[in-house]
Amino acid sequence: MRKTRKHLNYVVLAAVIILAILTGCSSTKSGTVGKGDKVKVVTTNSILADITKNIGKDRIELHSIVPVGKNPHEYEPLPEDTKKTSEADLIFYNGLNLENGGNTWFQKLVKNAGKKANKDYFALSEGVKPIYLKGHQSQKGKEDPHAWLDLKNGIIYAQNVEKHLSAKDPKNKKFYKKNLKAYVKKLNGLHSQAKHKFDNISAEKKMIVTSEGCFKYFSRAYNVPAAYIWEINTEQEGTPEQLKNLVQKLKGSQVPSLFVESSVDGRPMKTVSKETGIPIYAEIFTDSVAKKGQPGDSYYTMMKWNLDKITAGLSK
């Protein structure tokens, strides 16, 4: 009888060990986080970080790579960025030719961290209808990346955040879905306002003029044409030919105001202003939110700021 009891004890112990191993393997395979753990999330820029924060709130540990106010097109990651990326449960990037492709800083970062596409890192722009750079229709790697400047696309970003957070942390799925619902309602409200913001501005005045040609998605969504000095941030910015082309386009027009982005050098636009006599009305946001505590320090408030300033500037 003792032998049988002892044998049963060994069987029970073995079963417990096997169950623990299987549970561990299952958790590793599914890639979910442990009970009580916060999901470690890394985003490539401040706009994505803010959208992610609205969905994850206090259930995530968030790190944004590109500092506020800096240009995300070209960036040199710091040691802290490398460490956080290596430790991350999820990494969110924009895609659409912003950080990815070729041998970019982002591709180097995730490769060195041993992260895999669509397993560890995801493009939040998945599902967006892309707009392509001039002369590159439907050519992969030639997309305009600034999809978030259409609030409907911002909603797609938020939906992707919820999807991946819920898959990684299913125990908090209801929490993430609840936050998404509230956030989408808020963004939809601003989008509806934006659709009518420019109704009373005459067609002759209705044009957003910026340094970088980043308002294509905004133009498509809100029916406001756009012009620019250069098309996308590269080493070729504000060349004499680019300045000349925009000045010629604006001379004789009735466009009342110019705008300069918070994340670019303002000198080229000052030259355009001097040559055309059209004043720069305001600084607006494109590639980054504002510093905490300043107007435009979230995705929602930066978009509201842009809508208010552009409307006011074109109504002059």
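A residue counts as exposed when its relative accessible area is over 50%, and as buried when that value is under 20%. By this rule Arg-267, with a relative accessible area of 59%, is exposed. The structure examined here is a predicted model. Arg-267 makes a good starting point, for its guanidinium-bearing side chain is joined by a salt bridge to Asp-265, with the closest N and O atoms 2.6 Å apart. Asp-265 itself is partly exposed, at 36% relative accessibility.

Turning to the charged pairs as a whole, a search of the entire structure gives 10 salt bridges. One of them joins Lys-216 to Glu-231, where the closest N and O atoms are 3.4 Å apart. Lys-216 belongs to helix H7 (residues 216-222), while Glu-231 sits in the loop between strand S6 (226-230) and helix H8 (240-250), so this salt bridge ties together parts that are 15 residues apart in sequence. Lys-216 counts as buried, at 18% relative accessibility, and Glu-231 is likewise buried, at 18%. The pair also belongs to a network of salt bridges that links Asp-144, Lys-216 and Glu-231.

A further salt bridge is found within helix H10 (residues 299-314), where Lys-304 and Asp-308 lie 4 residues apart, about one turn of the helix. Their closest N and O atoms are 3.0 Å apart. Lys-304 is partly exposed at 33% relative accessibility, and Asp-308 is partly exposed at 29%.

The aromatic side chains come next, with a count of 11 aromatic pairs. Among them, Phe-198 and Phe-218 meet edge-to-face, at 6.1 Å centre to centre and with 80° between the planes. This pair links distant parts of the chain, since Phe-198 is in the loop between helix H6 (173-197) and strand S5 (208-212) and Phe-218 is in helix H7, 20 residues apart. Phe-198 is buried, with a relative accessible area of 1%, and Phe-218 is buried at 0% relative accessibility. The ring centres of Phe-285 and Trp-305 are 6.1 Å apart and their planes stand at 65°, so this pair is edge-to-face. Here too distant parts of the chain are linked: Phe-285 lies in the loop between strand S8 (280-284) and H10, and Trp-305 in helix H10, 20 residues apart. Phe-285 is buried at 8% relative accessibility, whereas Trp-305 is partly exposed, with a relative accessible area of 27%.

Trp-305 also has a charged partner, as Lys-309 lies over the face of its ring at 4.6 Å from the ring centre. Lys-186 lies over the face of Tyr-300, at 4.6 Å from that ring centre. Elsewhere, one aromatic cluster is formed by Tyr-75, Tyr-93, Trp-105, Phe-106 and Tyr-121.

Key: Residues numbered from 1 in each chain as written. Predicted model: local features only at pLDDT ≥ 70, side-chain atom pairs only at ≥ 80, totals over all residues. Heavy atoms only, no water. Salt bridge = Lys/Arg side-chain N within 4 Å of Asp/Glu carboxyl O. Helix = DSSP H or I, 4+ residues; strand = E, 2+ residues; numbered from the N terminus. Buried < 20%, exposed > 50% of the residue type's maximum accessible area, 1.4 Å probe, protein only. Phe/Tyr/Trp six-rings, centres within 6.5 Å; stacked < 30°, edge-to-face > 60°. Lys NZ or Arg CZ within 6 Å of the ring centre and 35° of its normal.
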